[in-house]
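Visitor: Could you take me through the side-chain pairings in this protein, slowly and with the details a bench biochemist would want?

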Amino acid sequence: MEDKKEWKKEEKSDIEICDLSVTFQDGGEMIHAMEDVSAYFPSGSVTGLIGESGSGKSLLGMSILGLLSGQARVEGSCMYKGMDLYRLPEKEMQKIRGKEIALIPQNPTESLNPIRRIGKQLTECMTVHGNKDKELANSRRDEFLRRFGFADPDRISRAYSFQLSGGMNQRVISAMGLMNRPKWVIADEPTKGLDAILRRQVYRVLKEISETDTEGMIVITHDIALAGALCDRLMVLYKGSIMEVGDTRTILEHPAHPYTKGLVASLPAKGMSPIGRAVRKNEGNSGCSFYPRCPYAADACKNGPVPEAELPDGRKVRCVLYA
């Protein structure tokens, strides 16, 4: 294994998103996917983004790396080391993407080239950023393949993605995201498609990486059990809005927002109670997006932006119950 001094933490670098709005053009209609969202990711921590499909988890994470589709219109700011990532030219963003802030994507089929060997794709992650040390690249490739459970890295390096299972390819792209020892890692559904044994293995590696290799990590996941074990902080999203942010243990043991309560109650350990379906019309609702499904809904929830309240334990909750 390489000398740890090479990737010791040098300086803390927080990521701060302010007033993010994302809209998409769909024919003649503008779709507002996120509106005036602000999110803070402190270095030295692992933040989990949780919520149902379509809540905006991946949208928020991909905006940091400038990986939203060309049809997306992004407004707001994303500050990192004094730079606004939303305003950087693509050439400058390429220097950050993969080296400073790396992605572990959720779809290995789309992320791996089926006509190139796995080993070449891994080492290329370093060479595209100017590192010409072939011996170092090969050493790091083998190290990360072993850490993600491949006992024979030479065999995997010679293989093509179509010769590996979906779970194996998921672990390969996890290794790929770490090849440059990035300061930040955004892991998008890192345990998707893995069985219980491999989920535990990926969890252990991500835990070790978060403690020794990186300055910060953002984990986008449906796996609330993984988020509970891996993350220091949780950010709960629903339909493009952040509903609750705070300490992981506090949120999972004492959820405040009605939507968070529903998510926690849906866990197997909590009885798998489903979150209620919409029982109210959402017509003309400019307030809380969870209003149609909320058991505590009141007329005040429908009018205007819902204020964010800070609770005594430090959590922030966007709900009129706490205003």
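Guide: Happy to; here is a walk through the charged pairs, then a helix contact, and then the aromatic rings.

This is a predicted model, in which local features need pLDDT of at least 70 and side-chain atom pairs count only at pLDDT 80 or more, while totals for chains, interfaces and linings use all residues. Residues are numbered from 1 along each chain as its sequence is written, and side-chain values use heavy atoms, with hydrogens and water left out.

Let us begin with charge. Side chains of opposite charge can pair when their charged atoms come close. Here a salt bridge is a side-chain nitrogen of Lys or Arg within 4 Å of a carboxyl oxygen of Asp or Glu, and by this rule there are 17 salt bridges.

One of them joins Lys95 to Glu92, with 3.4 Å from N to O. These two residues sit three apart in helix H2 (residues 90–96), so about one helical turn separates them. Helices (H or I, at least four residues) and strands (E, at least two) are DSSP runs, numbered from the N terminus. Lys95 is partly exposed at 48% relative accessible area, and Glu92 is partly exposed too, at 34%. For these words, buried means under 20% relative accessible area, exposed means over 50%, and partly exposed is in between (1.4 Å probe, protein chains only).

Helix H8 (residues 196–212) has a pair with a spacing of four residues: Lys207 and Glu211, again separated by about one helical turn. Their side chains meet in a salt bridge at 3.8 Å, N to O. Lys207 is partly exposed at 25% relative accessibility, whereas Glu211 counts as exposed at 51%.

Now for a pair with buried partners. Arg141 forms a salt bridge with Asp142, and their closest N and O atoms are 3.0 Å apart. Arg141 is buried, with 13% relative accessibility, and Asp142 is buried with a relative accessible area of 13%. Salt bridges also build a network, linking Glu143, Arg147, Arg181, Glu208 and Asp213.

A contact without charged residues comes next. Helix H4 (residues 118–127) packs against helix H7 (residues 166–177) at about 25 degrees, with the axes 9 Å apart. Axes are lines fitted to C-alpha atoms, for helices over the stretch in contact, and angles run from 0 to 180 degrees between N-to-C directions. That makes H4 roughly parallel to H7 (angles under 35 degrees count as roughly parallel, over 145 as roughly antiparallel, 65 to 115 as roughly perpendicular and the rest as oblique). Ile118, Gln121, Leu122 and Cys125 of H4 meet Asn169, Val172, Ala175 and Met176 of H7, where contact means heavy atoms within 4.5 Å. Of these residues, six are nonpolar, two polar and none charged (Ala, Val, Leu, Ile, Met, Phe, Trp, Tyr, Cys and Pro count as nonpolar, Asp, Glu, Lys and Arg as charged, and the others, Gly among them, as polar).

Finally, the rings. Rings of Phe, Tyr and Trp (its six-membered ring) pair if their centres lie within 6.5 Å; planes under 30 degrees apart count as stacked, over 60 as edge-to-face and the rest as tilted. The count is four aromatic pairs. Among them, Tyr238 and Phe290 are edge-to-face, at 5.2 Å centre to centre with 85 degrees between the planes. Tyr238 lies in strand S9 (residues 233–238) and Phe290 in the loop between helix H11 (258–265) and strand S11 (308–310), so the pair ties together parts 52 residues apart in sequence. Tyr238 is buried at 5% relative accessible area, and Phe290 is buried at 2%. Ring pairs also link Tyr238, Tyr259 and Phe290 into a cluster.
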